Amino acid sequence: MSQSRATKRRPQQDAPDRPARLLAWYDRHRRTLPWRAKAGERADPYRVWLSEIMLQQTTVRAVGPYFEKFVARWPDVTLLGRASLDDVLRMWAGLGYYSRARNLHACAVAVTGDHGGVFPDTEEGLRALPGIGPYTAAAIAAIAFDRRTMPVDGNIERVVTRLYAIEEALPQAKPLIKEMATTLLGPARAGDSAQALMDIGATICTPKKPACALCPLNDDCAGRIRGDQETFPRKAPKKSGVLRRGAAFVVTRGGELLVRSRPEKGLLGGMTEVPGSQWQAGLEDAAALAQAPELKGVGRWHRKAGVVTHVFTHFPLELVVYSASVASRTRAPDGMRWVPVETLDGEAFPNVMRKVIAHGLDL
DNA sequence: CACGCGTGGAC
DNA sequence: TGTCCAAGCGT
């Protein structure tokens, strides 16, 4: 080994000590999170799985209270596997992406029924379960079972594309990113390596104004050396959705509210809602009442002033709210039911419906 | 591969 | 106010 090689800074393609630097940083600076095992302790696959599902496209802050509620009510996977889907959906209400809750329940049922209550300990075995895709399978395999694999999430994509100044845009760059990310694994502690990169992505290598001075990988980060680290990862621009409009009906019968369940598939699948029209682009609200014929004779409608607005990932929504109060023995139309206003908090309402009800009830 | 799928926070 | 983003998955 020559002197110059030992003293010169290594070129970025050749930094074999990066895995070790990463783990050394993790041992000093790792975040304390409710689902994360303490240093040296074995991770609980159930908690790792539950947290990974909740954290898909969702912030650590939002997940915290939901994670605590779930593990308090269902301390292990077999208890969750015996719970009803309705209970799971109610507990999930407000967290978003509700197909995750259905798949979570289906996965718990599968682990309980087909695997004796024990999670598969390989990436392939995990990948076969509902709601577990390539990222989550790798994450659980690495974190809970110490398999040598590198999960690649949004954080790691950002860190790695900056570290190597990868010019290829997402999602085409995914295979390359996976390959480069894998070089950051050492001979052991794959889960800690992955969590180190996620912590760095979340706290240092942030989308805007990264704190490069604090990064354990800063001295040979190609993006930082070029000075354009914030421009990574490259991605193609996306198109915005078109405004949709509709009407919602807040019908009360004394202290009760008229509700129904949405179809199991599709937008807000299986969640509870108040009756309403379709949501369409180019719809004028004057046409909305005509689309709810089963409610026409219900009573005296009052159109609430203003509108309820909500923005989904792929379209903005504007709802006109009509309210009516009906006689005490009025029957609910087919497919609908009355629920007491006092128990609305326990219903599986998505946030847009909570806005509608608050608007219609003058809360 | 592109799209559908929630919500809340930051700037 | 609009835009982007946050530990992706299923189809």
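## Exercises on a protein with two DNA strands

α9 (134-145) and α10 (154-163) each give at least two residues to the surface near DNA strand C. Keep in mind that this is a predicted model.

### Exercise 1: DNA strand C

Work out which residues come nearest to DNA strand C, and what the protein touches there.

**Step 1.** Start with the neighbours. DNA strand C has 23 residues around it, and the nearest are Leu-55, Gly-131, Asp-153, Asn-155 and Pro-207.

**Step 2.** Next, look at the DNA side. Of the atoms of DNA strand C that come within 4 Å of the protein, 67% belong to sugar and phosphate.

**Step 3.** Now pick out some polar atom pairs. Arg-158 has a polar side-chain atom 2.8 Å from a phosphate oxygen of DNA strand C. Gly-133 uses its backbone instead: a polar atom there sits 2.9 Å from a phosphate oxygen of the strand. For a base, go to Trp-35, where an N or O atom of the side chain is 3.0 Å from a base nitrogen of DNA strand C.

**Step 4.** Finally, sort the surface by class. You get 9 nonpolar, 9 polar and 5 charged residues near DNA strand C.

### Exercise 2: DNA strand B

Do the job again for DNA strand B: which residues are the closest?

**Step 1.** There are 20 residues surrounding DNA strand B, with Tyr-97, Leu-268, Thr-313, His-314 and Asn-351 the closest.

**Step 2.** Sugar and phosphate make up 65% of the DNA strand B atoms that come within 4 Å of the protein.

**Step 3.** Take the polar pairs one by one. A polar side-chain atom of Tyr-98 is 2.8 Å from a phosphate oxygen of DNA strand B. Leu-267 has a backbone N or O atom 3.2 Å from a phosphate oxygen of the strand. With Gln-57, a backbone N or O atom lies 3.1 Å from a base nitrogen of DNA strand B.

**Step 4.** Which elements give two or more residues to this surface? They are β6 (308-311) and α14 (351-361).

**Step 5.** By class, the count near DNA strand B is 10 nonpolar, 9 polar and 1 charged.

### Exercise 3: The cysteines

Find out how many disulfides the structure holds, and check two cysteines.

**Step 1.** Recall that a disulfide is a covalent bond between the sulfur atoms of two cysteines. The cut-off you need is 2.5 Å between the sulfur atoms.

**Step 2.** Try Cys-205. Its closest cysteine sulfur is in Cys-215, 6.4 Å away, so the pair is too far apart for a bond.

**Step 3.** Try Cys-212. Here the closest cysteine sulfur belongs to Cys-221 at 6.2 Å, again too far for a bond.

**Step 4.** The total for the structure is 0 disulfides.

**Step 5.** Are these two cysteines buried or exposed? Cys-205 is buried, at 11% relative accessible area, and Cys-212 also counts as buried, at 18%.

### Exercise 4: Around Thr-272

Describe where Thr-272 sits and what surrounds it.

**Step 1.** Thr-272 is part of strand β3 (residues 272-273).

**Step 2.** With a relative accessible area of 4%, Thr-272 is buried.

**Step 3.** Skip the neighbours within four places in sequence, and Thr-272 still has contacts, among them Val-259, Arg-337, Phe-349 and Met-353. Glu-347 is also in contact with Thr-272, and their side chains make a polar contact at 3.5 Å.

### Exercise 5: How far to trust the model

Decide where you should read the coordinates with care.

**Step 1.** Chain A has a mean pLDDT of 89, and 90% of its residues reach 70 or more.

**Step 2.** Over residues 1-12, though, pLDDT stays under 50, and the model has 11 contacts beyond four places in sequence for them.

**Step 3.** Where pLDDT is low, don't read the predicted coordinates in detail.

Key: Residues are numbered from 1 along each chain as its sequence is written. Chains are lettered from A and ligands numbered from 1 in the order in which they are written. This is a predicted model: local features need pLDDT of at least 70, side-chain atom pairs count only at pLDDT 80 or more; totals for chains, interfaces and linings use all residues. Side-chain values use heavy atoms; hydrogens and water are left out. Buried means under 20% relative accessible area, exposed over 50%, partly exposed in between (1.4 Å probe, protein chains only). A residue is near a molecule or strand if one of its heavy atoms lies within 4 Å of it. A polar contact is a pair of N or O atoms within 3.5 Å; within protein, one must be able to donate a hydrogen and the other to accept it, and residues adjacent in sequence count only if both atoms are side-chain atoms. Helices (H or I, at least four residues) and strands (E, at least two) are DSSP runs, numbered from the N terminus. Ala, Val, Leu, Ile, Met, Phe, Trp, Tyr, Cys and Pro count as nonpolar, Asp, Glu, Lys and Arg as charged, and the others, Gly among them, as polar. pLDDT is the predictor's confidence in each residue, from 0 to 100. Contact means heavy atoms within 4.5 Å.
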